[in-house]
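Please look over the sequence and the three-dimensional structure shown here, and keep both in view while reading the short report that follows.

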Amino acid sequence: TIMACDNLCGLALKLFTAAQAIDEDMISDIILVYPALTAKFVNQQLVMLPKGETSMSGTGKNRVTPSKRKNKNKNKNTKPKRKATIQLHLFVESENDKKARVDILRYFLPLGTTTISPKP
């Protein structure tokens, strides 16, 4: 699980994408509390994720799967597909904040909850 608040939410998403390259099962939940993300950041960072898939091991357009490799010999060390799905839990301050970035975040990570809660 990765959790971040405000401006650190961008760092959390960068850590998430880096962790996915190492081990797809490393992170199962992302919690972003009042995320402060620019449209440019969201577009640059999340474009690497498979669109609308709940599992990171899907066959996105640019993913290299065993069937796309030049050497089609079966490798016994092939990593099994991700068993868990990634849950994105968002806490936003208002309905306007929800509309601003939640839709694009949900496009890439559709599972999880969104809670509207004013900042304390």
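## A salt bridge between distant segments

In this predicted model, Asp6 and Lys119 are joined by a salt bridge, in which the closest N and O atoms are 3.3 Å apart. The two partners belong to distant parts of the chain, 113 residues apart: Asp6 sits in the loop between strand S1 (2-5) and H1, while Lys119 is found in the segment after S4. The structure holds one salt bridge.

Are the two partners buried or exposed, or something in between? Asp6 has a relative accessible area of 27% and is therefore classed as partly exposed, because that class covers values between the limits of 20% and 50%. Lys119, at 40% relative accessibility, also counts as partly exposed.

## Thr113 and its surroundings

Thr113 is placed in the loop that runs between helix H3 (95-108) and strand S4 (114-116). With a relative accessibility of 40%, Thr113 counts as partly exposed.

Which residues does Thr113 touch, if those up to four places away in sequence are not counted? They are Leu88, His89, Leu90 and Arg106. With one of them, His89, the contact is also polar, since the side chain of Thr113 makes a polar contact with the side chain of His89 at 3.0 Å. Thr113 can also be compared in position with Gln87, which is 26 residues apart from Thr113 along the chain, while the C-alpha atoms of the two are separated by 7.9 Å.

## An aromatic pair

How many aromatic pairs does a search of the whole structure find? The search finds one, and this pair is formed by Tyr107 and Phe108, whose arrangement is edge-to-face, with 5.1 Å centre to centre and 85° between the planes. The label edge-to-face applies because planes over 60 degrees apart are counted in that way.

The two members of the pair fall into separate accessibility classes: Tyr107, with a relative accessible area of 42%, is partly exposed, whereas Phe108, at 6% relative accessibility, counts as buried. Phe108 is placed in the buried class because its value is under 20%.

## A nonpolar patch on the surface

Leu8, Leu11 and Leu15 together make a nonpolar surface patch of about 300 Å². One of these residues, Leu11, lies in helix H1, which covers residues 9-22. Leu11 has a relative accessible area of 48% and is partly exposed, and this value is in keeping with a place in the patch, because patches are made of residues with over 30% relative accessible area.

Note on methods
Residues are numbered from 1 along each chain as its sequence is written. This is a predicted model: local features need pLDDT of at least 70, side-chain atom pairs count only at pLDDT 80 or more; totals for chains, interfaces and linings use all residues. Side-chain values use heavy atoms; hydrogens and water are left out. Patches are made of residues with over 30% relative accessible area and no salt bridge: like charges are joined within 9 Å, nonpolar side chains (Val, Leu, Ile, Met, Phe, Trp, Tyr) within 5 Å. Accessible areas come from the Shrake-Rupley method with a 1.4 Å probe; for residues, only the protein chains shown count as cover. A salt bridge is a side-chain nitrogen of Lys or Arg within 4 Å of a carboxyl oxygen of Asp or Glu. Helices (H or I, at least four residues) and strands (E, at least two) are DSSP runs, numbered from the N terminus. Buried means under 20% relative accessible area, exposed over 50%, partly exposed in between (1.4 Å probe, protein chains only). Rings of Phe, Tyr and Trp (its six-membered ring) pair if their centres lie within 6.5 Å; planes under 30 degrees apart count as stacked, over 60 as edge-to-face and the rest as tilted. Contact means heavy atoms within 4.5 Å. A polar contact is a pair of N or O atoms within 3.5 Å; within protein, one must be able to donate a hydrogen and the other to accept it, and residues adjacent in sequence count only if both atoms are side-chain atoms.
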